[in-house]
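Trainee: Before I rely on any label attached to this model, I should like to see how each one is justified. Please take me through the terms and the values behind them.

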Amino acid sequence: MPVPFIDLKRFESGFLERWSQKVADLSGAASFIGGAEVAALESRLAQECGVAHALACGNGTDALQLALRAGGVGPGDVVLLPDFTFWATFEAVVNVGASPVTVDVHPEERHMDLELFRRALDQYRPKAVLLVHLYGWGSPHISEFRAHCHERGTLLIEDGAQAYGVRFRGESIYRGATISTISFYPAKVLGAAGEAGAVLCNDEQLAARLRSMGNHGRSTHYSYDHVGWNSRMDALQAAFLNLSHEYLAARLESRRVAQRFYREAFADSGLHCVSPPADFLENGYLNLMVYSPADRARMEALLKEKGIGYGIVYPEPMSRQRGAQAWLKAHVGGEQALLQGQSVLSLPLFPYIRGEELEEVRDVVLAAR
């Protein structure tokens, strides 16, 4: 039985009818940019994430660039980021004119290595650090990263594109961040009907700069305090997110149930199905299996043969990307990110994946041991 890696069409009963009516209402009112839907979404995000300010924007990449620029990062500045992340993290640093320094990941934690981060802080004295929360959880050392940056006066931006709904020590993972970003790309746990993102912070002046920069740098309608760009969220995306949020708890639980199924199914098999660190409640964003490179190649071939989708997140580290070579200032650490890219594989995981689909994936994976 074929099983897709992700299926974005498994809507709840009545969802599409409600969405169609919302589109008709907004279109009839010519409410396309900003307005009540965006304001409602920003209020909900701030409350749920435990922050003072949530600012909707065009997409998750813009959110990173807005955070960097509003934090004063620009030409001549150094920014640390993990070597294992999505390209947008690296790209955002380059796009604001700063110089990226990649930091290797910890082999077991699979996030930025804390000791290498400390070394890089001393060696490169960065203006900012981008800490990325991957897999639907985050680094077990979030508190240490935050404390070190606070002590050094270094801006810490937390890339939470994959982390909506994640809880750390009982609170939203975004709550203790100086500034953090969200992606609402359709495949995320809270996904839009197109491109959308947000930036979260607690500082009022920072929030004002963020809002201005995402709207052409405006102070009033035809007056400008900054050189910004156009990154306004449209009302249709906000409306889709507001409607989806009503079902978010059920979608998160469905994802978490699927994660538990995989971990229990493979617990005594000798296979490595990664679990989040202590203190985290994951959001079920991504299943993460770890193989030797040779075993992963065999598993990929079998999954293709059986019609079962899978993902490789991510195949190569930032420091090895061809597009990075002209911009990369330095790399700190060894080749753990490269080894991770050669070893990880993600099995199908999405809201309302059916029990028989999970069992099919389990049976194929176990048969290939």
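Trainee: What makes the contact between Arg 320 and Glu 335 a salt bridge?

Mentor: The term requires a side-chain nitrogen of Lys or Arg within 4 Å of a carboxyl oxygen of Asp or Glu. Here the closest N and O atoms are 3.3 Å apart, so the pair satisfies the definition. Arg 320 belongs to the loop between α10 (293–306) and β15 (330–332), and Glu 335 to the loop between β15 and α11 (336–341), so the bridge ties together parts 15 residues apart in sequence. The element names follow DSSP runs, with helices (H or I) of at least four residues and strands (E) of at least two, numbered from the N terminus. The model is predicted: local features need pLDDT of at least 70, side-chain atom pairs count only at pLDDT 80 or more, and totals for chains, interfaces and linings use all residues. Residues are numbered from 1 along each chain as its sequence is written, and side-chain values use heavy atoms, with hydrogens and water left out.

Trainee: Why do Arg 320 and Glu 335 count as partly exposed?

Mentor: Buried means under 20% relative accessible area and exposed means over 50%, with partly exposed in between, using a 1.4 Å probe and protein chains only. Arg 320 has a relative accessibility of 43% and Glu 335 has 40%, so both fall in the middle class. Elsewhere, Asp 7, Lys 9, Arg 10, Arg 354, Glu 356 and Glu 357 are joined into one network by salt bridges that share partners.

Trainee: Which parts of the chain does the pair Glu 357 and Arg 10 link?

Mentor: Their side chains form a salt bridge at 2.7 Å, N to O. Glu 357 sits in helix α12 (residues 355–367) and Arg 10 in the segment before α1 (15–28), so that distant parts of the chain, 347 residues apart, are linked. Both Glu 357 and Arg 10 are buried.

Trainee: How far apart in sequence are Arg 118 and Glu 115?

Mentor: They are 3 residues apart, about one turn of helix α5 (residues 114–124), in which both lie. Their closest N and O atoms are 2.2 Å apart, again a salt bridge. Arg 118 is partly exposed at 27%, as is Glu 115 at 48%. The structure holds 21 salt bridges.

Trainee: Why are β1 and β15 called edge strands?

Mentor: The open sheet has 8 strands in the order β1-β9-β8-β5-β4-β2-β3-β15, with mixed pairing. β1 (53–57) and β15 each have a single partner strand, so one side of each lacks a neighbour in the sheet. The twist averages 20° from one strand to the next, an angle taken between N-to-C directions on a scale from 0 to 180 degrees, with axes fitted to C-alpha atoms.

Trainee: How do you know that β2 and β3 pair?

Mentor: Two strands pair if DSSP finds at least two bridges between them. Strands β2 (residues 78–82) and β3 (residues 99–103) share 5 bridges in the parallel sense, so the condition is met. Within them, Leu 80 has Val 101 as its bridge partner.

Trainee: Why is Phe 184 called buried?

Mentor: Its relative accessible area is 0%. Phe 184 lies in the loop between β8 and β9 (197–201). Its C-alpha atom is 7.0 Å from that of Asn 59, 125 residues away along the chain.

Trainee: What makes the backbone at Tyr 135 notable, given its phi?

Mentor: Tyr 135 has a positive phi of about 75° although it is not a glycine. The residue is in the loop between β4 (128–132) and α6 (142–152), and its 1% relative accessibility makes it buried. Tyr 352, another residue other than glycine, also has a positive phi, near 65°. Tyr 352 is in the loop between β16 (344–345) and α12 and is partly exposed at 26%.

Trainee: Which peptide bond is cis?

Mentor: The bond from Val 313 to Tyr 314 is cis, with omega near 10°. Tyr 314 is in the loop between α10 and β15.
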